[in-house]
Amino acid sequence: MAGGPLQGNALVVAAAKASVSGEALPDLVDRAQTHLGARLPDYGRRYECVHEDESTAVFLTSEGHWADVGEALDLTDREWKAIRRAHAEHLKRLGDDLDRRQEFETALEVREAVVIGK
């Protein structure tokens, strides 16, 4: 599934704000999901999980996390920043659904969101 566990609206907003095409972003997100999915147990041990359900786990990581993932996946700055934005947008939309938007937006000021599909 293109875009993995990220909500479609998060991808649309991220693509609109990023310098990456809307056609390319779902494939980039899928590439990142393959990388992240293999590391889900490690994320559970290392980072705060702010939401989990049957299909996804959402973590708050340290700043610079997406730059490291981008380097590991040999992505350009624009590509990994677009993926980071899509994950952040997903967290904000999740915050709306859970009535935790302000909490999540505050967290994003110093941390980065990572959404991993199960």
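This is a short tour of a predicted model, moving from a sheet to the helices on it and then to a single glutamate.

**Stop 1: the sheet**

Select β1 (48-52), strand β2 (residues 56-62) and β3 (111-117). Together they form an open sheet of three strands. The order is β1-β2-β3, and the pairing is antiparallel. Look at the edges: β1 and β3 stand there, each with a single partner strand, so one side of each has no neighbour in the sheet. Now view the twist. Neighbouring strands are turned by 25° against each other on average, direction ignored.

Zoom in on β1 and β2. Four bridges join these antiparallel strands. For one facing pair, pick Glu-52 and find Ala-57 of β2 opposite.

**Stop 2: helices on the sheet**

Add helix α4 (residues 65-72), which packs on the sheet. α4 touches β2 and β3, and its direction makes about 50° with that of β3. Next add α5, which also packs on the sheet. Here the strands touched are β1, β2 and β3. The direction of α5 makes about 85° with that of β3.

**Stop 3: α2 against α5**

Keep helix α5 (residues 77-98) and show helix α2 (residues 25-37). How far apart are their axes? The distance is 10 Å, and the helices pack at an angle of about 80°. An angle of 65 to 115 degrees counts as roughly perpendicular, and α2 and α5 are therefore roughly perpendicular to each other.

Turn on side chains at the contact. From α2, select Leu-25, Leu-28, Val-29, Ala-32, Gln-33 and Leu-36. From α5, select Glu-79, Ala-82, Ile-83, Ala-86 and His-87. These contact residues divide into eight nonpolar, two polar and one charged.

**Stop 4: Glu-112**

Return to strand β3 and centre on Glu-112. Is Glu-112 buried or exposed? Its relative accessibility is 8%. Buried means under 20%, so Glu-112 counts as buried.

Which backbone nitrogens does the Glu-112 side chain approach? One is that of His-65, 3.1 Å from a polar atom of the Glu-112 side chain. Another is that of Trp-66, which the side chain reaches at 2.8 Å. Both His-65 and Trp-66 lie in the range of helix α4 (residues 65-72).

Finish by showing the surroundings. Leaving out residues up to four places away in sequence, Glu-112 touches Phe-59, Leu-60, Thr-61, Ser-62, Glu-63, Gly-64, His-65, Trp-66 and Arg-84.

Key
Residues numbered from 1 in each chain as written. Predicted model: local features only at pLDDT ≥ 70, side-chain atom pairs only at ≥ 80, totals over all residues. Heavy atoms only, no water. Axes fitted to C-alpha atoms, helices over the stretch in contact; angles between N-to-C directions. Helix = DSSP H or I, 4+ residues; strand = E, 2+ residues; numbered from the N terminus. Parallel < 35°, antiparallel > 145°, perpendicular 65-115°, else oblique. Contact = heavy atoms within 4.5 Å. Nonpolar A, V, L, I, M, F, W, Y, C, P; charged D, E, K, R; others polar. Pairing = 2+ DSSP bridges. Buried < 20%, exposed > 50% of the residue type's maximum accessible area, 1.4 Å probe, protein only. Polar contact = N/O pair within 3.5 Å; in protein donor to acceptor, adjacent residues only side chain to side chain.
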